Amino acid sequence: MANLTIRNLDDELKSLLRQQAARHGCSMEQEARDILRRAVQAQPAGTGFAQRVHQRFAGLKAEDLPIPKRRAARLSAVPKD
């Protein structure tokens, strides 16, 4: 098992962590481990932008989406000679 030292922890944050650990019936160290584990497991490593977009819209059916009307192509601002 590895060790991790966190320096310069705000006193109020430490107090809140202690209180939360007490509510959960565990030590501050265990509470910190649980918080860190949940934080890093919430977003899988290597999840790229495209995968996150896919996950976000996975429940939508493409055939149910409205198809916008096409617009005329934009003309160049510079006249051709």
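# Exercises on a three-helix chain

Read along the sequence, the protein chain follows the pattern α-α-α. Helices here are DSSP runs of H or I with at least four residues, strands are E runs of at least two, and both are numbered from the N terminus. The model is predicted, so local features need pLDDT of at least 70 and side-chain atom pairs count only at pLDDT 80 or more, while totals for chains, interfaces and linings use all residues. Residues are numbered from 1 along each chain as its sequence is written, and side-chain values use heavy atoms, with hydrogens and water left out.

## Exercise 1: the overall form

Task: work out whether the protein chain is a compact globule or more spread out.

Solution.
- Begin with the inventory: the chain has three helices and zero strands.
- Next, compare radii: the radius of gyration is 26 Å, well over the 12 Å that the globule rule gives for 81 residues, so the chain is more spread out than a compact globule. The radius is taken over C-alpha atoms, and the rule is 2.2 Å times the number of residues to the power 0.38.
- Then look at the principal axes, along which the C-alpha trace spans about 75 × 35 × 25 Å.
- For one pair, I6 and K61 are 55 residues apart in sequence and 47 Å apart in space, C-alpha to C-alpha.
- Finish with burial: buried residues make up 5% of the 81 residues. Buried means under 20% relative accessible area, exposed over 50%, and partly exposed in between (1.4 Å probe, protein chains only).

## Exercise 2: helix α1 and its ends

Task: compare the reach of α1 with its expected span, then inspect both ends.

Solution.
- α1 (11-24) has 14 residues and reaches 20 Å from its first C-alpha to its last, close to the 20 Å expected at 1.5 Å a residue. The expected span is 1.5 Å times one less than the number of residues.
- At the start of α1, a side-chain oxygen of D10 comes within 2.9 Å of the backbone nitrogen of E12.
- Just after α1, G25 has a positive phi of about 70°.

## Exercise 3: salt bridges

Task: find the two salt bridges of the structure and describe their partners.

Solution.
- Set the criterion: a side-chain nitrogen of Lys or Arg lies within 4 Å of a carboxyl oxygen of Asp or Glu.
- One pair is E29 and R33, at 3.8 Å, N to O. Both residues lie in helix α2 (residues 28-42), four residues apart, about one turn.
- E29 is exposed at 56% relative accessibility, and R33 is partly exposed at 38%.
- R37 and D34 also pair, at 3.5 Å, N to O. They are three residues apart in helix α2, about one helical turn.
- R37 is partly exposed at 42%, as is D34 at 21%.
- Why does such spacing suit a pairing of side chains pointing the same way? An α-helix has 3.6 residues a turn, so residues three or four places apart point the same way.

## Exercise 4: a nonpolar patch

Task: which residues make the nonpolar surface patch of about 490 Å²?

Solution.
- The members are L4, I6, L9, L13 and L36. Patch residues have over 30% relative accessible area and no salt bridge; nonpolar side chains (Val, Leu, Ile, Met, Phe, Trp, Tyr) are joined within 5 Å, like charges within 9 Å.
- L4 lies in the segment before α1, and so does I6.
- L4 counts as exposed at 62% relative accessibility, and I6 counts as exposed at 56%.

Notes
Areas by Shrake-Rupley, 256 points an atom, 1.4 Å probe, with all protein chains shown as cover. Polar contact = N/O pair within 3.5 Å; in protein donor to acceptor, adjacent residues only side chain to side chain.
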